[in-house]
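Reader: I have a structure open and would like to talk it through. Can we go step by step?

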Amino acid sequence: MNFSRKRMDVESVVFSGLTGVAAWLIVAILVVILANIAWFGIPGLSWNFVAGSTAKDMFNPEHAGIMPMIFGTVALVILMIIMVVPVGVITAIYLTEYAPAGSALTRFIRGAVNNLAGVPAIVFGLFGLGFFISFVGGGLDDLLYGGSAEPVWGKPAIIWAALTLATLTLPVVIVATEESLKAIPPGLREASLALGASKLETVVKIVLPQALPGILTGSILAVSRGAGEVAPILFTGAAYYMAHLPSKLTDQFMELGYHIFILSTQSPNIEQTRPILYATVLVLLLLTFALNVVAIAIRMRIRKKLRSLH
Amino acid sequence: MPEPTNALIETRDLRLYYGSTLALKGVNIDIPEKKVTAFIGPSGCGKSTLLRCYNRMNDLIDSVRIEGSIKIAGQDINSKDVDVIELRKQVGMVFQKSNPFPKSIYENVAYAPRLHGTRNKGDLDAIVEESLRGAALWDEVKDRLGSSAMGLSGGQQQRLCIARAIAIKPQILLMDEPASALDPIATARIEELVQELKTNYTIVIVTHNMQQATRISDCTAFFYLGEMVEFDSTKKIFTNPSKQQTEDYVTGRFG
């Protein structure tokens, strides 16, 4: 017998090479982007820039500050999470726990969720303008103030921007929650029901605690997806400039992503503005990253707690 | 028929369909009170399906349709005015695969009493201890009631599931092959436990293990292809059955 190699296995060398190159290409692109932003962004960072307001001249590094935009972005994302998580989780619970499995209705809802995920962001923006601001907001004004001259709800505001973003990120939360619900052994539900628990008690006391890490994963993905989006908030609440921070739900707000768009398109002096443009992009990336880290830390704590029970 | 006792569960002409497949073909069986009744038969004969009719766990499967009647203590459990939650409080179940909740040992046992209105900590403590003693688990876990149920061995987990089921003092305990996933020592403990429990509970147990049926049951029903072939005292079924099919099965000639 002779087991020694007779020929080079060209095929597998070429193929593993190709797949490896493709995988490393992704890493390389990411590194180039991050390195570029860090390289040009870090020099522009200063305490005055990050913590200052933008009152004097938002395009001039001497005077610019982005604290209002950071505040607006964080407030927007928190509002969005408050709105999207309950709706997404309840939808996922309906789909996995209540709706008859494989029925036409559930297939229709799942299809709708998947299609919602594929709708371009700008369409969500226009939808938010038409539905939330004109229809819901305008309707509220008619109802509460009898359609008086000055609209209170029927104008762009942080609540409508957050709702529009929530619509955009809804599929992410639904899918992540659904996956985690499906992973719970059916035996646990049976055990609870066989003890005379109602369906609701079973969902609340047995199913949901187990699904918590998955729900948080969905929230993390929603933050990542939603925090940098500009198109949905363009018509629904983001302001070019505001002298004050938003203090109520009907106020407009400034936002980092939109501000980046403004800095890169509206500056009278591009060369002068460039350092703060880079710095703003860096801050947006760091902020999204920080929001993710917080959510991941919470998830790890819950996982750890759950695992000690497994 | 076994010696006359009070029939607690009366099953009449029970037909069960999964979609268009007839899984139980008109079963008649009266299950006596405070005895252990074993259901035996080859896989797919409908014995587990019948067991799950008694606490209406088949309600969870959309395609299941039931004809005929099941009366427990004289009340038709499929009638419209039966509250399935009240039924399941009276008819507990232990599953083939032990399925403790990923909670502490204490919380597992206290789960159902809490659901059904026991809030007082002292009362719950007493129920937990009584149930764990009833399931012969107390001495092994009394010092770690707060630790996770998932850390118990397979046999301990199954006894915890029994403790969890008896914590709300059901009348009837349904056991679906409760020892089939356990080693012989753990199995022996479960069997002993069944013997102790029958003074207070009516037990219906599905088993693939015929020695187990002879060891622990008072009556045995043999099922084959969705029909109840023979039901009698365990002794008679295993020593002198009336039907040829039963004899072939219990002597191991088929199945």
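Author: What follows is a short chat about the two chains, their contact and two loop residues.

Author: This is a predicted model, in which local features need pLDDT of at least 70, side-chain atom pairs count only at pLDDT 80 or more, and totals for chains, interfaces and linings use all residues. Residues are numbered from 1 along each chain as its sequence is written, and chains are lettered from A and ligands numbered from 1 in the order in which they are written.

Reader: ok, what does the model score for ipTM and pTM?

Author: The ipTM is 0.91 and the pTM is 0.83. Chain B has an average pLDDT (the predictor's confidence in each residue, from 0 to 100) of 92, and 97% of its residues score at least 70.

Reader: how many helices and strands in chain A?

Author: Chain A has 11 helices and zero strands. Helices (H or I, at least four residues) and strands (E, at least two) are DSSP runs, numbered from the N terminus.

Reader: and what is its radius of gyration?

Author: Chain A has 24 Å, while a compact globule of 310 residues would be near 19 Å. The radius is taken over C-alpha atoms, and the globule rule is 2.2 Å times the number of residues to the power 0.38. The C-alpha trace of chain A spans about 80 × 65 × 40 Å along its principal axes.

Reader: switching topic: how many residues does each chain give to the contact?

Author: Chain A gives 17 residues and chain B gives 22 residues. Two residues are in contact if their C-beta atoms, placed from the backbone, lie within 7 Å.

Reader: which helix of chain A supplies the largest share of that side?

Author: Helix 7 of chain A does, with five residues. The side of chain A that touches chain B divides into nine nonpolar residues (Ala, Val, Leu, Ile, Met, Phe, Trp, Tyr, Cys and Pro), two charged (Asp, Glu, Lys and Arg) and six polar (the others, Gly among them).

Reader: where is K34(B)?

Author: K34(B) is in the loop between strand 2 (21-32) and strand 3 (36-40) of chain B. Its phi is near 50°, a positive value in a residue other than glycine.

Reader: and E177(B), buried or exposed?

Author: E177(B) counts as buried, because it has 20 C-beta neighbours inside 10 Å. A residue is buried if 20 or more other C-beta atoms lie within 10 Å of its own, exposed if 12 or fewer, and partly exposed in between, with C-beta atoms placed from the backbone. K34(B) is partly exposed, with 17 other C-beta atoms within 10 Å.
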